[in-house]
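Hi,

Here is the structure I said I would pass on to you. Have a look at it first, then read my notes underneath with the picture open beside you.

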Amino acid sequence: GMGGVGKTTIMKHVHNRLLKEDKFKKLIWATVSQDFDVRRLQNDIASQLEKTLSDDKNTTIRAGELLEMLRKQGSFLLILDDVWSSFSFEDVGILEPTTDNGCKLVLTTRSAKVVREMDCKKVQVPYLLTDEAMQLFLSKVGQDMLPNPNLESIMKDVVCECGGLPLALKVLG
């Protein structure tokens with residue numbers, strides 16, 4: 001989905017809700033970002049497993065180490081946030097989720113191409129409807145602004161210009 005539509009926010013809520021349940025032995029969150037770096041991602045995942053990877057320069061060796069750590073972990077949910085380009089799970093050392101190992105993988109991205117190339121199921125995050133957008137905007141501006149008819153017209157224009165993007169509505173609010 002488009003930047004600012006709420007992908008990361010939704011996943012934070014999912015993550016926090018799952019923390020309260022015993023569905024997975026481990027929840028892992030890694031922000032990938034535009035400047036993707038295999039070693040950094042490997043280190044991020046390992047540190048959340050409370051493990052350390054070797055300082056080996058060879059990412060393939062490190063991928064094998066990480067794969068073994070994840071295998072021993074048991075069931076886990078790995079959330080990869082802000083993925084800008086596709087990459088091989090095997091090259092990083094990410095265990096392929098199967099029904100047998102109980103592991104799940106979720107990624108957030110702006111790119112439908114990334115979803116296709118990484119063979120993921122696409123779940124589109126919709127824009128807010130006009131009423132929802134106005135409520136979010138008012139929650140940031142203050143409900144006391146609404147009784148003013150002059151401001152109401154301006155606020156409707158602002159909400160319309162934001163196109164249902166929660167981040168834009170929050171910032172402008």
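Below is what I found in it, going from the overall layout to single residues.

One thing to keep in mind from the start: this is a predicted model.

**The overall layout**

The chain splits into two domains: domain 1 covers 7-118, and domain 2 covers 130-172. If you take the centres of domain 1 and domain 2 over their C-alpha atoms, they sit 37 Å apart.

**The sheet**

Start with the strands. As a bit of background, strands of a sheet pair through backbone hydrogen bonds, and the pairing can be parallel or antiparallel. Here, three strands make an open sheet, ordered S1-S2-S3, with parallel pairing. Strand S1 (26-33) and strand S3 (104-109) are the edge strands, each pairing on one side only. Going from one strand to the next, the twist averages 15°.

Now for how the strands are joined up. S1 pairs with strand S2 (residues 76-83) in the parallel sense, over seven bridges. You can find two of the partners yourself: Trp29 has Ile79 in S2 as its bridge partner, and Thr31 has Asp81 in S2. On the other side, S2 and S3 are also parallel, with five bridges between them. There, Leu78 has Leu105 in S3 as its bridge partner.

How many of the eight residues of S2 are buried? Seven are, so S2 is largely enclosed by the rest of the structure.

**Two buried residues in the strands**

Phe76 is a good one to click on. This residue belongs to strand S2. Phe76 counts as buried because its relative accessibility is 1%, and the cut-off for buried is under 20%. Leaving aside neighbours within four places in sequence, Phe76 is in contact with Phe24, Lys26, Ile28, Leu70, Leu95, Gly102, Cys103 and Lys104. Phe76 also shows how folding brings parts of the chain into view of each other: Leu105 is 29 residues away in sequence, and the two C-alpha atoms are 8.4 Å apart in space.

Thr108 lies in strand S3. Is Thr108 buried or exposed? Thr108 is buried, with a relative accessible area of 5%. Not counting residues up to four places away in sequence, Thr108 touches Lys7, Thr8, Met11, Leu80, Asp81, Asp82 and Val83. Asp81 has come up already, as the bridge partner of Thr31.

**A helix across the sheet**

Helix H2 (residues 38-48) is where you will find Ser47. H2 lies across S1 and S2, and runs at about 160° to S1. Ser47 itself counts as partly exposed, at 46% relative accessibility. The side chain of Ser47 reaches the backbone oxygen of Asp44, at 3.1 Å. For a sense of scale, Ser47 and Lys12 are 35 residues apart along the chain, and 19 Å separates their C-alpha atoms.

**Two helices that cross**

Next, scroll along to helix H6 (residues 130-141) and helix H7 (residues 149-161). Their axes come within 10 Å and cross at roughly 115°. The crossing of H6 and H7 is right-handed. Which residues meet there? From H6, they are Thr130, Ala133, Met134, Phe137, Leu138 and Val141; from H7, they are Met155, Lys156, Val158 and Val159.

**Two residues with a positive phi**

Finally, two backbone angles to look up. Ser33 is not a glycine, yet it has a positive phi of about 70°. You will find Ser33 in strand S1. Asp119 has a positive phi as well, near 55°, and is likewise a residue other than glycine. Where is Asp119 found? Asp119 is in the loop between helix H5 (112-117) and H6. At 72% relative accessibility, Asp119 counts as exposed, because the cut-off for that is over 50%.

If you only have a few minutes, begin with S2 and its two pairings, to S1 and to S3. After that, try the crossing of H6 and H7.

Cheers

Methods
Residues are numbered from 1 along each chain as its sequence is written. This is a predicted model: local features need pLDDT of at least 70, side-chain atom pairs count only at pLDDT 80 or more; totals for chains, interfaces and linings use all residues. Side-chain values use heavy atoms; hydrogens and water are left out. Domain bounds come from an automatic or database domain assignment. Helices (H or I, at least four residues) and strands (E, at least two) are DSSP runs, numbered from the N terminus. Buried means under 20% relative accessible area, exposed over 50%, partly exposed in between (1.4 Å probe, protein chains only). A polar contact is a pair of N or O atoms within 3.5 Å; within protein, one must be able to donate a hydrogen and the other to accept it, and residues adjacent in sequence count only if both atoms are side-chain atoms. Two strands pair if DSSP finds at least two bridges between them. Axes are lines fitted to C-alpha atoms, for helices over the stretch in contact, and angles run from 0 to 180 degrees between N-to-C directions. Contact means heavy atoms within 4.5 Å. A crossing is left-handed if the near helix is turned anticlockwise from the far one by less than a right angle, and right-handed if clockwise.
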